[in-house]
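Trainee: Hey, have you got a few minutes to go through a structure with me? I'd like to get a feel for how to read one.

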Amino acid sequence: MAHRLLIDVNVILDVAGERDPYREASQKILSIIERKKAHGFVSAISYPILYYLLQRDIGHGDAREFLIVLSELMSIVPADKTVLERAMRVETDDYEDAIQIASAEACRADFIVTRDAHGYKRSPVKAITPSEYLATFSA
């Protein structure tokens, strides 16, 4: 059965911003999702964060186009009342990470794919880097 992966903002930015040396592993994660070898999820709160950061680097039009393509590739986890209230109970100092954790629980993710595993130490959903995922599960 295909893994359910919540993809953190930093992994998506690695691809969109062509951030080496992280881009290759992050791109492979998105390719696995594109080939339907895993099901990708992104929290709705990631979209304004991604837009804000991308439009500074690649411009308004390209940032919007990237997010449209991302929406076709990934399922979006709503940041609804249940997710936001659950995030308030997550033990972390970073509310954005807490929302990502609550989103991962809401979509029943097997893993949170991130380069910031430190922010997810107490997450009930295991955080894993793109490279770790590829080394362990890639086929």
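**Talking through the model**

Mentor: Sure, let's start with one residue: glutamine 27 is found in helix α2. Keep in mind that we're looking at a predicted model.

Trainee: Okay. Is glutamine 27 buried, exposed or partly exposed?

Mentor: Glutamine 27 has a relative accessibility of 34%, so it counts as partly exposed. The cut-offs are under 20% for buried and over 50% for exposed.

Trainee: And how far is glutamine 27 from isoleucine 128?

Mentor: Their C-alpha atoms are separated by 15 Å, and the two residues are 101 apart along the chain.

Trainee: Which residues does α2 meet in α1?

Mentor: On the α1 side you have Val11, Asp14 and Val15, and they meet Arg23, Ser26, Gln27 and Leu30 in α2. So our glutamine 27 is part of that contact. The residues there divide into three nonpolar, two polar and two charged.

Trainee: How do people usually describe two helices packed like that?

Mentor: Two packed helices are described by the angle between their axes and the distance between the axes. Here, α1 (residues 9-16) and α2 (residues 23-34) have axes that come within 8 Å and cross at roughly 105°. That's why α1 and α2 are called roughly perpendicular to each other.

Trainee: What about α3 and α4, at what angle do they cross?

Mentor: Roughly 140°, and the axes of α3 (residues 46-58) and α4 (residues 60-73) come within 7 Å. An angle like that makes α3 and α4 oblique to each other, because only angles over 145 degrees count as roughly antiparallel. The crossing of α3 past α4 is right-handed.

Trainee: Which residues make that contact?

Mentor: From α3 it's Tyr47, Leu50, Tyr51, Leu54, Gln55 and Ile58. From α4 it's His60, Asp62, Ala63, Arg64, Phe66, Leu67, Leu70 and Ser71. Sorted by type, the contact of α3 with α4 has nine nonpolar, three polar and two charged residues.

Trainee: Switching topic: in what order do the strands of the sheet come?

Mentor: The order is β3-β2-β1-β4-β5, with five strands forming an open sheet and parallel pairing. β3 (75-77) and β5 (126-128) are at the edges with a single partner strand each, so one side of each has no neighbour in the sheet. From one strand to the next, the twist averages 35°.

Trainee: How many bridges join β1 to β2?

Mentor: Four bridges join β1 (residues 3-7) to β2 (residues 38-43), and the two strands run parallel. You can pick out leucine 5 opposite glycine 40 in β2, and leucine 6 opposite phenylalanine 41 in β2.

Trainee: Where do the side chains of neighbouring residues in a strand point?

Mentor: In a regular strand the side chains alternate between the two faces of the sheet.

Trainee: And what's on the other side of β2, towards β3?

Mentor: Three bridges join β2 to β3, and these strands run parallel as well. One pair to look for is serine 43, whose bridge partner in β3 is valine 77.

Trainee: How many residues of β2 are buried?

Mentor: Five of its six residues, so β2 is mostly covered. Helix α2 comes back into the picture here: α2 lies across β1, β2 and β4 (111-113), and runs at about 115° to β2.

Trainee: Let's do the loops. Where is lysine 36, and what is its phi?

Mentor: Lysine 36 lies in the loop between α2 and β2. Its phi is positive, about 65°, although lysine 36 is not a glycine.

Trainee: What's the usual sign of phi?

Mentor: Most residues other than glycine have a negative phi.

Trainee: Which loop holds arginine 108?

Mentor: Arginine 108 sits in the loop between α6 (95-106) and β4. Arginine 108 has a positive phi too, about 60°, and is not a glycine.

Trainee: Buried or exposed, those two?

Mentor: Lysine 36 is exposed, with a relative accessible area of 68%. Arginine 108 is exposed as well, at 57%.

Trainee: Last one: what about lysine 121?

Mentor: Look in the loop between β4 and β5 for lysine 121. Its relative accessible area is 62%, so lysine 121 is exposed. From lysine 121 to isoleucine 68 it's 31 Å, C-alpha to C-alpha, and they are 53 residues apart in sequence.

Methods
Residues numbered from 1 in each chain as written. Predicted model: local features only at pLDDT ≥ 70, side-chain atom pairs only at ≥ 80, totals over all residues. Heavy atoms only, no water. Axes fitted to C-alpha atoms, helices over the stretch in contact; angles between N-to-C directions. Parallel < 35°, antiparallel > 145°, perpendicular 65-115°, else oblique. Left-handed = near helix turned anticlockwise from the far one by under 90°. Contact = heavy atoms within 4.5 Å. Nonpolar A, V, L, I, M, F, W, Y, C, P; charged D, E, K, R; others polar. Pairing = 2+ DSSP bridges. Buried < 20%, exposed > 50% of the residue type's maximum accessible area, 1.4 Å probe, protein only.
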